[in-house]
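Please find below a colleague's note on the structure under review. The points are numbered for ease of reference.

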Amino acid sequence: MADRRIKVIIAKPGLDGHDRGAKVVARALVEAGMEVVYLGLQQTPESIVRAAVDEDADVVGLSILSGAHMPHFRKVRELMVKSGLGNRLLTGGGIIPTKDQGKLKELGIERVFGPGDDLQEIVDYIRNKAGRARKE
Amino acid sequence: MVSSAGRTKAPSGLSKRPGRLIPPELWADFFRGERLACARLVTAVENSPESIPEILDKIIPRLKGAVRVGVTGPPGVGKSTVTAGLARRAVQAGHSVGVLAVDPTSPFSGGAFLGDRVRMQSLSDDHHVFIRSLASREGHGGLSPSTPYAADVLDAFGLDRIYIETVGVGQAELDVLSCSDLVILVLQPGTGDVIQALKAGILEAADLFLINKADLQGTEALLDSLRFLMDVSASQKRRSLPPVLKASALLDKGMDETAAEVERLIQRLVHSGLYREKRRSRLEREIRAAIAQDLWDKFSALAGADEAIRDVSEELLNSMGSPYPFIRETCSRIRVELAAERIGREGKE
Amino acid sequence: MKEKNRTSWEKSFERSGLRDADFSTISGRPLRPLYTWEDMAEIDPRTELGYPGEYPYTRGVHPSMFRGKLWTMRQFAGMGTAIQTNQRYKFLLEKGQTGLSVAFDNPTLYGLDSDHALSAGEVGKTGVAVDTLADMERLFDGIPLDRVSTSMTINAPAAWIFAMFLANAEKRGISFAELRGTLQNDILKEYIAQKEWIFPPEPHLRLITDLMSFCADQVPQWNTISISGYHIREAGSTAAQELAFTLADGFAYVEHAIAAGQDVDDFAPRLSFFFNAHLDFFEEIAKLRAARRIWARAMRDKYKAKNPRSWLCRFHVQTAGCSLTAQQPEINIVRTALEAMAGVLGGCQSLHTNSMDEALALPSEKAVEIALRTQQIIAFESGAANVIDPLGGSYYIEQLTNDLEEEAGRYFRKIDELGGVVKAIEQGFFQREITRAAYEYEMALSRRKKFHVGVNEFINPSEKLEIPLLEIDESVEREQLDFMRRIKAGRDNGAVRDGLGTLTAAAAAGRNLMPPLLECARRYTTLGEISEALTTVFGEYREQPFY
């Protein structure tokens, strides 16, 4: 009998120190029954993906409010694919203009969240997509 | 349900040949040394306990004799920082290192906040240590039931020093004894009364006591309490006292000495045959637990078994009777079932 | 409600029926429907309120407040390179702002050069990039630093950014004694909320006291520290936590300076504060009044300061960034206006009003102009500046001011029990309180006990963005890197190395670091070179995270 819990990595790449949103989302996911590895601040794309590999994470969530989302998302996506995690869910949140959300979609990051997005919606999205992201 | 430290529920049908739940490509990747394959096998032992027999069949022949070092102690004493300090030195000494860090599963939500890894950040980045966070799941706050199997996976993968960091509450101290070769009990000053609360057995069984945050006040008082308690139990059991060290892991003080002591204890363990004996005990426990589990599964698979137990208990409350007549009758039914099975088999042969 | 004879109003009120709503402040403080003169019975106006400009300063730090001088209209600004930011400063001054406030980019805030590995993608995105004195020169080109006060929001590397600022003034022939302004320089709140640090607490505290004693001597008009609650509030704290944690930090700095041998009256007059003006109008006004009273009492009675200027809690206010929405951004203008009014009625010395587009980007010219005009409307049209502390004596406001002071007192005792601010930080006390408050607020929004218009109520599902947004071009990073390379090539690198040597020696020997920092700045040493040199002496800080 399988007893799967969804494993999520929450990380803040780069120099942004505003972790209120990341912590709130992490807690909501735990309350929803998921296992959350909170990596915290000043992560590099390399450290994030290494953690995703070791933890065999279903989901990687990046929180970026510094405007540097494009290079960070791009690099994490690239490393995930290279490490064999291309079929896992990469998502995130922060201050990401609509125009850039389109560009992220093209990279395979289907959806990101912003200020004011309902917590329950974020939890549901992750729950629904995490299951399908892995073929097991 | 059978509950022994570190044992997870295996399914019924153990006596049948296990199926192929793990795809062959995954095994190929694993034995080729691919990190993600190792991680995925750990996930399998966590999430799919029915695959454990098949996994063990494949990896036990490939175990390379890794030493499992358990790091336990009350919450907040700095287990993660100590583990990171020891692991880093093990890497520098040429070992391949893995860490299993267990955090408690919330009994309400079933989720878990896995926050040990972040305290060992530089370990993973600089030294390529394999770090895996495990939620305690049904382990009642101690270790996760899959921890010993996860350690076996890391062993077969080629890691030769595996640090197992417990949650630090509940059954933790005892759980870790059963799946570690060596146990370090971490304490901190100012918590003398915590010693009274430690589970009976850990004081006798720990191989090394480490007083962390030794820069704080109260170190001497703690040392005195420890010595007193250990003198008492040593005179009762006639054992030699384990070493007691002081360190301040955050300031990276005293860690060289601690790592050296751990290494010395490991060498003694391996050369004295104690390592082999611990392995044997683990195998014994595994066999006993698996058999008991299988028998139980057989029984509860009998139609109506669960309801029967529930109904009988309700009835016994009303009649104020002893449960033992029911128990005897049930066990006898199991014997009859087993006999019938044997006859059936003999009949077919 | 008082137990004695129920008034006729109470009876009618109970018969009236209530709206289905949550009647607590945004911080979760439950509120009575009415406050009356009976609540005032326990308040002695002579000791609790007094007069403006007189102890305990509840009604204001100056006798004349806005009748004498309006608050400084000081819009926080910075983007891209120093040249772009310089243009924005000139724009703002021309539109009527009365003080400058510098926003630095993330790499600068962390003491990193624009070419550091971690700076990739971040240069100029959330503020101006400053790597050397040359950037300072461009930043303030054509701006009369002897006539305009300058606030700089910088913490971990504040001392060496300030050194560059001083070196620039020196080159322009402006004496240090003429310079007016503020450095944020509040490292304790970084460990608590904003997370921009380099070293562990002790070395940072030492840099702060070095700067304080240097300025007491050479830059006497400079506010050496802006003890901040803004960020603590933005991280999700309640109003009482913002109040208590900020003042507790203040007390910690005072104690540290005294322990370092300084006389309290030498540095205290130049301490200043920085608070948030959040959505709950009355709670914010009460919070600011409580701050003044608490600080005055502590400075006079506990720290025995003799100079009345040491008892003053002077503060800057910024309207709450976290209250802004990305949805229907135009309505942020209304939020900002209400928050700004609360700041004014709370008696702020300077004010920054957010722009409507700041949940989406750095402010566009149009948006920041509206934000500035908001202050001007308050100052020149609304009448709010005509009478000092106009809400003084309001039953509600006085009760709320008292309640906040009391709740802050409970926090002070708790912090003392834990061994002081630094110990409490190490144990994660503040971080956990803030995280919990943030989560509770988020849950309240989710359960629709609290509202955020446009976000969880009154939503426009198909709204389209109709305001222009500022974009920081990717070329900014390349330009800044080129510029820095040219400066490094053109300077005397031998002199730079010597200067760094002198700096590290002084750091190890415990001497005041401002003079060697000033010398490094003059020689065009980069921010990152200084940070690295000091890190070799002080070490790096890695957070033990708390949830």
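The points below take up an interface and then a helix.

1. Status of the model. The structure is a predicted model, and the remarks that follow should be read as comments on that prediction.

2. Extent of the A–C interface. Chain A contributes 27 residues in contact with 37 residues of chain C. Between them, chain A and chain C bury about 2600 Å², and carbon and sulfur atoms account for 55% of this area. On the side of chain A, 29% of the area buried against chain C is supplied by A:Leu15, A:Arg20 and A:Lys23, more than by any other three residues.

3. Polar and charged pairs. Nine residue pairs are in polar contact across the interface of chain A and chain C, both residues being at pLDDT 80 or more. The rule also finds two salt bridges across this interface. A salt bridge joins the side chains of A:Lys99 and C:Glu471, with an N to O distance of 3.4 Å.

4. Make-up of the chain A side. Helix H1 (20-31), strand E2 (35-43) and helix H3 (69-82) of chain A are the elements that each give two or more residues to the side touching chain C. The largest share, six residues, comes from H1(A). By character, the residues on this side of chain A comprise 10 nonpolar, nine polar and eight charged.

5. A covered helix in chain B. Helix H6 of chain B spans residues 147-157, and 11 of its 11 residues are buried. Among them are the acidic residues B:Asp152 and B:Asp155, as well as B:Tyr149, B:Leu154 and B:Phe157. B:Gly158 follows H6(B) and has a positive phi, near 120 degrees.

Technical notes. Residues numbered from 1 in each chain as written. Chains lettered and ligands numbered in written order. Predicted model: local features only at pLDDT ≥ 70, side-chain atom pairs only at ≥ 80, totals over all residues. Heavy atoms only, no water. Contact = heavy atoms within 4.5 Å. Buried area = accessible area lost by both parts, 1.4 Å probe. Salt bridge = Lys/Arg side-chain N within 4 Å of Asp/Glu carboxyl O. Polar contact = N/O pair within 3.5 Å; in protein donor to acceptor, adjacent residues only side chain to side chain. Helix = DSSP H or I, 4+ residues; strand = E, 2+ residues; numbered from the N terminus. Nonpolar A, V, L, I, M, F, W, Y, C, P; charged D, E, K, R; others polar. Buried < 20%, exposed > 50% of the residue type's maximum accessible area, 1.4 Å probe, protein only.
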